[in-house]
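Reader: I should like to request a close look at one part of this protein, namely its pockets and the elements around them. Please treat the matter as one connected account.

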Amino acid sequence: MTVNRALFDEVMVPNYSPSAVIPVRGQGSRVWDQSGREFVDFAGGIAVNCLGHCHPALVNALKEQGEKIWHLSNVMTNEPALRLAKKLVDATFADKVYFANSGAEANEAALKLARRWALDNFGAHKSQIIAFNKGFHGRTFFTVTVGGQAAYSDGFGPKPGDVYHVDYNDLSAVEALISDNTCAVMMEPLQGEGGIVSPEAEFVKGVRELCDKHNALLIFDEVQTGVGRTGELYAYQGLGITPDILTSAKALGGGFPIGAMLTTTAIAQHLKVGTHGSTYGGNPLACAVAEAAFDTVNTPEVLDGVKAKAELFKSLLNDINAKYNVFSEIRGKGLLIGAVVSDAYKGKAKDFLTAGIEEGVMSLVAGADVVRFTPSLVIPEADIREGMARFEKAVAKVVAAN
């Protein structure tokens, strides 16, 4: 069988439009395609491959667990799930963990839990959910409705109700909307898909205070920011406030699908037996790999290394920009970095991604105006410098064509 990009169009639903490049092998922060062409990976599977490709700790965990037990469903528990849950609890504010397969599923669980908590404690009137424009929380119908991008949620019929959106970093708008009918405020502690937008300190603090005032839960979607991405194990730990519910996925499995919802005992008790579930959630294979990823990332060496690598990354981007003047701002935290295109290139962020592929470097976009970088947390300095050299060639190509 010939496997190429044309086969995608023949057999796959057309909701994606992938590159012609088909990677077949990865090692660390390098990837090779079918023809043996090498790329430096600054995309990380959209902030998933936190330890790069084929990290020995993850490979060994998968092989070891693969020879023990693969799947049980939640009729029974398993050792890897319990070990991982204990480590998550010990390292965070949380007392309890629920495992799912993805960030969307973790967010779905968080939203259902918030609604059930409010119903049990206050009554049916307390159902309002406040979220933020340009937010992103997944593609289930509930999570995509709470996400603040109508283009993703329109066109599928009536949406789940009592969901409202305001602008990120606009505390007065939250204050004007929130009431005793609000059950939860859901936010990213750094907007990812919305353009790599960091929260202002007073905004985060103010949202927490408003939630407390109105007996509403604060849900932090840390699907993209969690597990070391910002240089903290979870981003909330660098913001000086604590959420009531936190969701994690992407980097949690280092490339193996897994999601988690973390919360307190008092809130968790409202998901009684039978109220929610997942056939694959807490799968032994996924949890074994995630435990290895978690153990590797949750060290001072890796977390401090993220901050140092971020400074190098931004410095090299600024050097490129000093030559070509294509970005108006370099923003983000840790290794979640956004380069905002200047007015002359507005709407053309993807041009830099496409040119990068041609030059042998993989990046991402966050909307039409931001080039996004989410490399491995342990990417070597040499790979950062080589990847940036290739990215500079891509920038030069875009400038020449503009």
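Which helix gives the largest share of the lining of the largest pocket, and how many residues does that share comprise?

Author: The model is a predicted one, and what follows should be read as a description of that prediction. The largest share of the lining of the largest pocket comes from helix 13, which supplies four residues.

The space in this largest pocket is about 2,100 Å³. It is lined by 48 residues, of which Y16, G45, I46, E193 and L364 are the closest to the centre. Helix 13 spans 349–359, and at least two lining residues also come from each of helix 2 (44–47), helix 5 (103–122) and strand 14 (364–365). In chemical character, the lining divides into 23 nonpolar, 17 polar and eight charged residues.

Helix 2, one of the contributors to this lining, also contains A47. The phi of A47 is near 65°, a positive value in a residue other than glycine. A47 has a relative accessible area of 0%, and is therefore counted as buried. A second residue with a positive phi that is not a glycine is D162, at about 60°. D162 is placed in the loop between helix 7 (150–153) and strand 6. With a relative accessibility of 28%, D162 counts as partly exposed.

The second largest pocket holds about 720 Å³ of space. Its lining comprises 28 residues, and N74, V97, Y98, F99 and H276 are the closest to its centre. Two or more lining residues are given by each of helix 4 (79–91), strand 4 (96–100) and strand 10 (259–263). Helix 4 gives the most to this lining, with five residues. The division here is 13 nonpolar, eleven polar and four charged residues.

Strand 4 and strand 10 lead from this second pocket to the sheet, since both names appear in its strand order. The sheet is open, has seven strands in the order 4-10-9-8-7-5-6, and shows mixed pairing. Strand 4 and strand 6 (163–166) are the edge strands, each pairing on one side only. From one strand to the next, the twist averages 20°.

Within this order, strand 7 stands between strand 8 and strand 5. Strand 7 (residues 182–187) pairs with strand 5 (residues 128–132) in the parallel sense over three bridges. Among the bridge partners, Q128 is matched with T182 in strand 7, and I129 is matched with A184 in strand 7. Strand 7 also runs parallel to strand 8 (residues 217–221), to which four bridges join it. On that side, M186 stands opposite I219 in strand 8. Strand 7 is mostly covered, as six of its six residues are buried.

Helix 14 completes the account. This helix covers residues 381–401, and its 21 residues should span 30 Å at 1.5 Å a residue; the end C-alpha atoms are 30 Å apart, so the expectation and the model agree. Buried residues of helix 14 include D383, I384, G387, M388 and R390, and F391, E392, A394, V395 and V398 are buried as well. An α-helix has 3.6 residues a turn, so residues three or four places apart point the same way.

Methods: Residues numbered from 1 in each chain as written. Predicted model: local features only at pLDDT ≥ 70, side-chain atom pairs only at ≥ 80, totals over all residues. Heavy atoms only, no water. 1 Å grid on protein atoms, 1.4 Å probe; cavity = no way out; pocket = protein on both sides within 12 Å on 5 of 7 lines; lining within 4 Å. Points joined across faces, edges and corners; volume = space filled by probe spheres on them. Nonpolar A, V, L, I, M, F, W, Y, C, P; charged D, E, K, R; others polar. Expected span 1.5 Å × (residues − 1). Buried < 20%, exposed > 50% of the residue type's maximum accessible area, 1.4 Å probe, protein only. Pairing = 2+ DSSP bridges. Axes fitted to C-alpha atoms, helices over the stretch in contact; angles between N-to-C directions.
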